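Colleague: I'm new to this structure, so could you take me on a close look at one part, the loop with the unusual peptide bond? Please then follow the chain outward from there.

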Amino acid sequence: MDTFLEHVNYTVTNPEKTADWMCELFDWHVRWSGDAIHGGRSLHVGNDTCYVVLFSGSAGKPLADAGVSYERIGGLNHLGIVVDDLDVMEERVRKLGFKPHSHADYEPGRRFYFNDADNIEYEIVSYA
């Protein structure tokens with residue numbers, strides 16, 4: 001059986017704003033957007049194989065510290081993205097105003113992390 005990860009779904013304050021920087025940084029595109037569970041809105045951003053669902057809860061509901069994951073910003077440790085050229089990607093991350101941190105070389109690759117405006121952490125890793 002051939003399996004692969006298709007998507008990850010998490011909550012952000014502004015799906016469009018997050019999708020904008022993801023498209024610029026990773027050369028992704030918006031695959032779909034529309035109404036979602038719990039009166040929210042979802043935006044699918046990625047490539048033709050996999051994507052991230054950026055969910056935003058219903059208007060007027062508090063997002064932080066909610067008991068339901070669809071009502072909580074984040075709810076995951078980090079999202080890992082594999083790239084061909086770590087140095088080029090770090091420069092792109094800096095140009096978007098994010099601050100790379102926790103650089104590490106390890107077998108079999110190199111990596112760094114950054115946090116977005118919602119304090120969601122992303123790991124950028126290269127095995128090249």
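**A loop and its surroundings**

Modeller: Proline 108 is found in the loop between S6 and S7. This is a predicted model, in which local features need pLDDT of at least 70 and side-chain atom pairs count only at 80 or more, while totals for chains, interfaces and linings use all residues. Residues are numbered from 1 along each chain as its sequence is written, and side-chain values use heavy atoms, with hydrogens and water left out. Names such as S6 or H1 are DSSP runs numbered from the N terminus: strands (E) have at least two residues and helices (H or I) at least four.

The peptide bond leading from glutamate 107 into proline 108 is cis, with omega near 20 degrees. On either side of this loop, strand S6 (residues 101–106) and strand S7 (residues 109–115) pair in the antiparallel sense over four bridges; two strands count as paired if DSSP finds at least two bridges between them. Together S6 and S7 make a hairpin with two residues between them, and alanine 104 stands opposite arginine 111 in S7.

Follow S7 onward and you meet a second hairpin, formed by S7 and S8 with five residues between them. In its turn, asparagine 119 has a positive phi of about 65 degrees. S7 and S8 are also antiparallel, over six bridges, and phenylalanine 112 has isoleucine 124 in S8 as its bridge partner.

From S8 (residues 121–126) we can step to another part of the chain, since tyrosine 122 in S8 pairs with tryptophan 21 in helix H1, 101 residues apart. This aromatic pair is edge-to-face, at 5.3 Å centre to centre and 90 degrees between the planes. Rings of Phe, Tyr and Trp (its six-membered ring) pair if their centres lie within 6.5 Å; planes under 30 degrees apart are stacked, over 60 edge-to-face and the rest tilted. The structure holds seven aromatic pairs.

H1 (residues 15–26) lies across S1, S2, strand S3 (41–46) and S4, at about 0 degrees to S3. Contact here means heavy atoms within 4.5 Å. Axes are lines fitted to C-alpha atoms, for helices over the stretch in contact, and angles run from 0 to 180 degrees between N-to-C directions. In the loop between H1 and S2 you will find aspartate 27, whose phi is near 60 degrees, a positive value in a residue other than glycine.

Those four strands form an open sheet in the order S1-S4-S3-S2, with mixed pairing. Strand S1 (7–11) and strand S2 (29–35) are at the edges with a single partner strand each, so one side of each is left without a neighbour in the sheet. The twist averages 20 degrees from one strand to the next. S1 and strand S4 (residues 51–56) run parallel, joined by five bridges, with histidine 7 opposite tyrosine 51 in S4.
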